[in-house]
Every structure is written in C-alpha cells, then in structure tokens.
Amino acid sequence: IYPWMGIELPATLGASLPAELQVAERHVRAIQGMDFPLPFQVVKQGAGIVTKNVGELALPRVKDLIAKNTGDLNGVDKGNLMLGTTQDTPLVKFDLIMSASLEVNGKMETLVAPAITVDLVRAYTLELKSPRVALKGGGKAELAGVIHREPGFPGTIKISVGDPPDKVSCGPVEIPNGNSDFSLTCEASSGVLEGTFEVHLVSTATVPGGD
C-alpha cells in the first residue's frame, strides 16, 4: 500500500501503561435473545489510579445489540459488562473491544482490552434420529430426536408437528431443562391416505434473561 516505506516501518517505544484492562474470555458464544456478561478486571500498577468508567469502545451495528449497564460501572475495577440481544438480533460473529477511563494522578488515561470475539447462536437445535417414519392406518409411530442445547440455556422446550398429513395427529411434548431426548407419538386413523409426506417440527421456548 505504501511502497515508499520499503520493508522499514517507523515505530517507537512508549512508556508502560499505569494499569491493564483484562478480559476473562477472548471467545464467547452468546445465545440469541438473552443477555450475556463479559467479565473484566482493571489491574493497577501503583497508587493514585482511579477507575472512572468501563464500557465498550464501539459496539458493531448489529440490530438490537446494546450495552445495558455501562452507567453502573463507574468506579468499578472488577465486574461484568452486560450486553443484551433480542430474538430479532441476527446470528452473526463480531469482535468487541472493551475500554476503561482512568484518572492517573489527576490526568485522564484510556485503556483498551484485547478484542473479544462474540458468536451469536441459537439457544438450541433439533435433530431427528431418523429422517423417515412408517405409519399405517389405525396405527402409531414415534418421531424421536435429540435437542442440542447451548450450555447457558436452561429453558423448557415445547415441540410439536406443525403440518401433519390429513387424518394424522401428533401430540406435542415438553422437554424440561436437563433432558435432551424427545419423542412425539403420531397416530393415523383407519381412512388415512397412502403416500409420502413431509412434516416439520415446530419448537417454542421461553428464553430467560431477555426482553
């Protein structure tokens, strides 16, 4: 980009920083629709250093992504920066940089922490154990599967079949926190039409800690 510089890059050594803004994690998986904390700690190297505020240097322009408690972090050396999302926040991956304003012997200084990579992910996904189920008229069949939860999601999940074939009924099931296997019972009446039909699982869950 700058050929006139050749292989030499101007650089200089600066004075050591009076403090360090440390983050507990460099890669975070955050659940869509839930608030999530970013732990931090201001480590001071000497006396005469007062933490004024801790917050984000600049939030990326992601829908409904907000910092919720920056006003509560005035004078705090250790805590959590809380970020909030909604169900409308897209599933994206971005980098976030935290910063801290300090007063060092009457002079204002700004600290910058290492970047944190944030993955916004769904609270859970569903997987069927078999893509095909045989169901005869007057009989029953099981739609069995597994729920893959994010570790931080404790909610109860309700699963149903959204579009069963005519004269086929499938009762919904609720899967509480701590359980991953599920099974729905589908029953066909004696006059059901023969054929191959596609059905879709529909799931709902209450996401705790969100708006």
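Reader: Which side chains meet Lys-68 and Asp-35 in a salt bridge, or rather, how should I read that pair?

Author: Side chains of opposite charge can pair when their charged atoms come close. In this predicted model, the side chains of Lys-68 and Asp-35 form such a salt bridge, with 3.1 Å from N to O. The pair links distant parts of the chain, 33 residues apart: Lys-68 sits in the loop between strand E5 (66-67) and strand E6 (78-84), and Asp-35 in the loop between E2 and strand E3 (36-44).

Reader: Is Lys-68 buried or exposed?

Author: Neither label fits, because its relative accessibility is 36% and Lys-68 therefore counts as partly exposed. Asp-35 is also partly exposed, at 24%.

Reader: How many salt bridges does the structure hold?

Author: Five. One of them joins Asp-77 and Lys-44, whose side chains meet at 3.2 Å, N to O. Asp-77 belongs to the loop between E5 and E6 and Lys-44 to strand E3, so this pair ties together parts 33 residues apart in sequence. Asp-77 is partly exposed, with a relative accessible area of 29%, and Lys-44 is partly exposed at 29% relative accessibility.

Reader: Which residue forms a salt bridge with Glu-150?

Author: Arg-29, with the closest N and O atoms 2.6 Å apart. Glu-150 lies in the loop between E12 and strand E13 (157-161) and Arg-29 in strand E2, so the contact ties together parts that are 121 residues apart in sequence. Glu-150 counts as buried, because its relative accessibility is 13% and the cut-off for buried is under 20%.

Reader: Arg-29 brings us to E2. What is the order of the strands in the sheet that holds E2?

Author: As background, strands of a sheet pair through backbone hydrogen bonds, either parallel or antiparallel. Here three strands form an open sheet in the order E2-E10-E7, and the pairing is mixed. Strand E2 (27-31) and strand E7 (93-96) are the edge strands, each pairing on one side only. The twist averages 30° from one strand to the next.

Reader: Where does the mixed pairing come from, in terms of E2, E7 and E10?

Author: E2 and strand E10 (residues 116-121) run parallel and are joined by five bridges. E7 and E10 run antiparallel, with four bridges between them. Thr-117 in E10 is a useful place to look: His-27 stands opposite Thr-117, and Asp-95 stands opposite Thr-117 too.

Reader: Which side chains of E7 point to which face?

Author: The side chains alternate along E7. Phe-94 and Leu-96 point to one face and are buried, while Lys-93 and Asp-95 point to the other and are not.

Reader: What is the order of strands in the open sheet of four strands?

Author: The order is E11-E12-E16-E14, and the pairing is antiparallel. E11 and strand E14 (168-170) stand at the edges with a single partner strand each, so one side of each has no neighbour in the sheet. Ignoring direction, neighbouring strands are turned by 30° against each other on average.

Reader: How many bridges join E12 to E16?

Author: Seven, between E12 and strand E16 (residues 181-188), which run antiparallel. Among the facing residues, Leu-143 stands opposite Leu-184 in E16, and Ala-144 stands opposite Ser-183. E12 (residues 140-149) also pairs with strand E11 (residues 124-128), in the antiparallel sense over five bridges. There, Thr-125 has His-148 in E12 as its bridge partner.

Reader: Disulfides next. How many does a search of the whole structure find?

Author: One. Cys-170 and Cys-186 form this disulfide, their sulfur atoms 2.1 Å apart. The pair links distant parts of the chain, with Cys-170 in strand E14 and Cys-186 in strand E16, 16 residues apart. The torsion about the S-S bond of Cys-170 and Cys-186 is about 115°, so the disulfide is right-handed.

Reader: Are Cys-170 and Cys-186 buried or exposed?

Author: Both Cys-170 and Cys-186 are buried.

Reader: Last, Gly-55. With which residues is Gly-55 in contact, leaving aside neighbours within four places in sequence?

Author: Gly-55 is in contact with Thr-70, Leu-81, Met-98 and Ser-99. Gly-55 lies in strand E4 (residues 49-56) and counts as buried, because its relative accessibility is 8%. Sequence separation and distance in space can be read side by side here: Gly-55 and Lys-44 are eleven residues apart in sequence and 17 Å apart in space, C-alpha to C-alpha.

Technical notes. Residues are numbered from 1 along each chain as its sequence is written. This is a predicted model: local features need pLDDT of at least 70, side-chain atom pairs count only at pLDDT 80 or more; totals for chains, interfaces and linings use all residues. Side-chain values use heavy atoms; hydrogens and water are left out. Two strands pair if DSSP finds at least two bridges between them. Helices (H or I, at least four residues) and strands (E, at least two) are DSSP runs, numbered from the N terminus. Axes are lines fitted to C-alpha atoms, for helices over the stretch in contact, and angles run from 0 to 180 degrees between N-to-C directions. A disulfide is a pair of cysteine sulfur atoms within 2.5 Å. Buried means under 20% relative accessible area, exposed over 50%, partly exposed in between (1.4 Å probe, protein chains only). Contact means heavy atoms within 4.5 Å. A salt bridge is a side-chain nitrogen of Lys or Arg within 4 Å of a carboxyl oxygen of Asp or Glu.
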